[in-house]
Amino acid sequence: MSSVTVTATTRPANSSIDNLGKMSVMDELRSFEKEGYFDLGHPLLNRIAHSFIKAAGIGALQAVSREAYFTVVEGVGIDSTDGNGAKKRFPDLRGETNRKSIEALVKSTGKETFQWGLAAGVFSGLTYGLNEACGYHDWKNSAVAGAITGMTLALTTDDTTHEQVVQSAITGAAIATAANMLTGIF
């Protein structure tokens, strides 16, 4: 006759199963940093997707908060024009009906969300790819990734000109290089 030994194990008090209902929003966000949102099977794809999602969320918040600001400013009666008399807001946001206004808001917010996500995804993917190809990370990789990202972003705007593409490439390269050089200083 054989005997069976049963041993009881205890989980630590900070186990994720025990704290499932007790996690704060910040704890949830921190867990995404460690584990990621999902796994696409390759580090490059994961990096692009994560960057896109994070930046797209920021872009959406920025677009909606800007519109909320202009709505409040108009309600109070403060002049919200720039020096040339043009309003700095989404075009066609004040439709004939509330439904058209909401549709315009969603369309404009979606476009801006896509632009932010595209910029982050392209830059992150290019930086990762250049780092893997060269075997190291330096300011030149950042400059190239920034220039290509700037060009890509310029091409998402309406009526893009050659000058806008070049200016965006130069701006993207300059910002990426500066960010690379300042990394670790602050």
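**View A. R66 and E112 join up in a salt bridge.** Start with R66: in this predicted model, it counts as partly exposed, because its relative accessibility is 24%. Its partner, E112, counts as buried, with a relative accessibility of 12%, and buried means under 20%. The two side chains meet with N and O 2.6 Å apart. R66 sits in helix 2 and E112 in helix 3 (residues 98-134), so this pair ties together parts that are 46 residues apart in sequence. Why can such a pair form? Side chains of opposite charge can pair when their charged atoms come close.

**View B. Here D158 and K111 make a salt bridge.** The structure holds two salt bridges, and in this one the closest N and O atoms are 3.4 Å apart. D158 belongs to the loop between helix 4 and helix 5, while K111 is part of helix 3, so parts 47 residues apart in sequence get tied together. How open are the partners? D158 counts as exposed at 60% relative accessibility, whereas K111 is partly exposed at 34%.

**View C. Helix 4 and helix 5 cross each other.** Helix 4 covers residues 139-154 and helix 5 covers residues 162-182. Their axes come within 6 Å and cross at roughly 145 degrees, and the crossing is right-handed. Among the residues making the contact are W139, G146 and G150 of helix 4, plus V165, G172 and M181 of helix 5.

**View D. A nonpolar patch sits on the surface.** Four names to look for are F38, L40, L45 and I53, with about 330 Å² of accessible area together. F38 is in the loop between helix 1 (25-35) and helix 2 (43-76), and is partly exposed, with a relative accessible area of 35%.

Key. Residues are numbered from 1 along each chain as its sequence is written. This is a predicted model: local features need pLDDT of at least 70, side-chain atom pairs count only at pLDDT 80 or more; totals for chains, interfaces and linings use all residues. Side-chain values use heavy atoms; hydrogens and water are left out. Patches are made of residues with over 30% relative accessible area and no salt bridge: like charges are joined within 9 Å, nonpolar side chains (Val, Leu, Ile, Met, Phe, Trp, Tyr) within 5 Å. Accessible areas come from the Shrake-Rupley method with a 1.4 Å probe; for residues, only the protein chains shown count as cover. Helices (H or I, at least four residues) and strands (E, at least two) are DSSP runs, numbered from the N terminus. Buried means under 20% relative accessible area, exposed over 50%, partly exposed in between (1.4 Å probe, protein chains only). Axes are lines fitted to C-alpha atoms, for helices over the stretch in contact, and angles run from 0 to 180 degrees between N-to-C directions. A crossing is left-handed if the near helix is turned anticlockwise from the far one by less than a right angle, and right-handed if clockwise. Contact means heavy atoms within 4.5 Å.
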